[in-house]
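Biologist: Could you take me through this structure slowly, and give the reasoning behind each label you use?

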Amino acid sequence: MRELSDALKRRALEGGADLVGLAPAQPMRESSAYRAWVDQGMQGSMSYMARDPEARQDIRGWFPAAKSVLLTGFRYAGAEPGEPGQGRLAAYARLPDYHPELKQRLKGVLAWFQGQVPGSRGKVFVDTSPLLERLYGRYAGLGWVGKNTMLIAPKLGSYFFLCGVALDQDLAYDEPAPDHCGSCRRCLDACPTQAFPEERVLDASRCISYFTIEHREAIPEGFRKGIGDWIMGCDVCQEVCPWNRFSLAGGAFSPVLGPSLDLRGLTDLDDASFKERYGGTPLERTKRRGLARNALLAMGNSKDPSHRPALERALADPDPVLSEQAAWSLARLDETAAA
């Protein structure tokens, strides 16, 4: 069993993974916190996060035959500062869509395993399945769940994609990773929208990533100033984490976008040009309307009066979310000028 387990992990590393480990396919004791999180409405408008609760608390609810879980981490380059007056992207949003590539690599690992164990079955997951991957990642020894709820690897930080394969065979498991956050609370204190009500609890309904990606309507006014120049995701809680001094450039993917985008260019896009320019990247998730809304908000927070003509044009947008956001941002520029 140990020999097969080690060979499986080597195969995953040969497939480009930077982290690899094995955990048992059983409920993790921390999974009960998921139910409390949903009951408090911290998922915001992400109704899909409340679906399939059995699977989210036990991977066997998603793949009943599961006995073992192979967890892998694929690193990507960490955050870079954006240009002043432009819209900033989270580090992962600069990459091509990673889902197809990682699924293909893991399918190759699964095919290899099935060649070694004829008749075995498995199921690949790449962060779109109803699973608590970070808990399995911790029990597979990849890292610990930090106070910012990110999985942190001691030699890599937190800039990596977590994915894996559920398998129907018993294997030799790795030891859970110990916690190394200590008394540090930089991530909690740095969050611009106070999205962490307590350690290791993220209120997604207050998170910049949630507002800029998942939330489809007008962004509540109380959070707008805190969003700053972020137009797709947010890396603040990762940027301040001391463990990310170990993050490495390179990895399985190279950025196809810069760390920031011209705000005025984003408000002039129609659906076709948006698809042409950003199709095949994580920005597709925001849709054109969401990206335009985010750009208009960032213009108001930029303190840059050169954005005024674009905002004035957006006042006439037939979409009430966009026209209202333009009005707020114009008022924000006026407020800045007066100050």
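What follows is a conversation about ring pairs, charges over rings and burial in this model.

Modeller: Please keep in mind that this is a predicted model. A search of the whole structure finds 10 aromatic pairs.

Biologist: Why is the pair of W62 and F125 called edge-to-face?

Modeller: The ring centres of W62 and F125 are 5.9 Å apart and the planes stand at 80°; rings pair if their centres lie within 6.5 Å, and planes over 60 degrees apart count as edge-to-face, so the pair is edge-to-face.

Biologist: What makes W62 and F125 a tie between parts of the chain?

Modeller: W62 belongs to the loop between α3 (53–57) and β2 (68–75), whereas F125 belongs to strand β4 (residues 122–125), so the pair ties together parts that are 63 residues apart in sequence. Both W62 and F125 are buried.

Biologist: Why do F161 and F253 count as edge-to-face?

Modeller: Here the centres are 6.0 Å apart and the planes are at 85°; with the cut-offs at 6.5 Å for the centres and 60 degrees for the planes, the pair of F161 and F253 is therefore edge-to-face. F161 sits in strand β7 (residues 160–167) and F253 in the loop between α9 (236–239) and β9 (260–261), so this pair ties together parts that are 92 residues apart in sequence. Both F161 and F253 are buried, and ring pairs link F161 and F253 with Y76, Y98 and Y159 into a cluster.

Biologist: Which ring does R138 lie over, and at what distance from the ring centre?

Modeller: R138 lies over the face of Y139, at 4.7 Å from the ring centre. In addition, the charged end of R245 sits over the ring of W243, 6.0 Å from its centre.

Biologist: How do you know that T281 is buried?

Modeller: The relative accessible area of T281 is 8%, and buried means under 20%, so T281 is buried. T281 lies in the loop between α11 (271–278) and α12 (287–301), and a polar atom of its side chain lies 2.7 Å from the backbone oxygen of Y278. Leaving aside residues up to four places away in sequence, T281 touches L95, D97, V256 and L257.

Biologist: Why is D52 called partly exposed?

Modeller: D52, in the loop between α2 (32–39) and α3, has 45% relative accessibility; buried means under 20% and exposed over 50%, with partly exposed in between, so D52 counts as partly exposed. The C-alpha atoms of D52 and S129 are separated by 9.6 Å, although the two residues are 77 residues apart along the chain.

Key: Residues numbered from 1 in each chain as written. Predicted model: local features only at pLDDT ≥ 70, side-chain atom pairs only at ≥ 80, totals over all residues. Heavy atoms only, no water. Phe/Tyr/Trp six-rings, centres within 6.5 Å; stacked < 30°, edge-to-face > 60°. Helix = DSSP H or I, 4+ residues; strand = E, 2+ residues; numbered from the N terminus. Buried < 20%, exposed > 50% of the residue type's maximum accessible area, 1.4 Å probe, protein only. Lys NZ or Arg CZ within 6 Å of the ring centre and 35° of its normal. Polar contact = N/O pair within 3.5 Å; in protein donor to acceptor, adjacent residues only side chain to side chain. Contact = heavy atoms within 4.5 Å.
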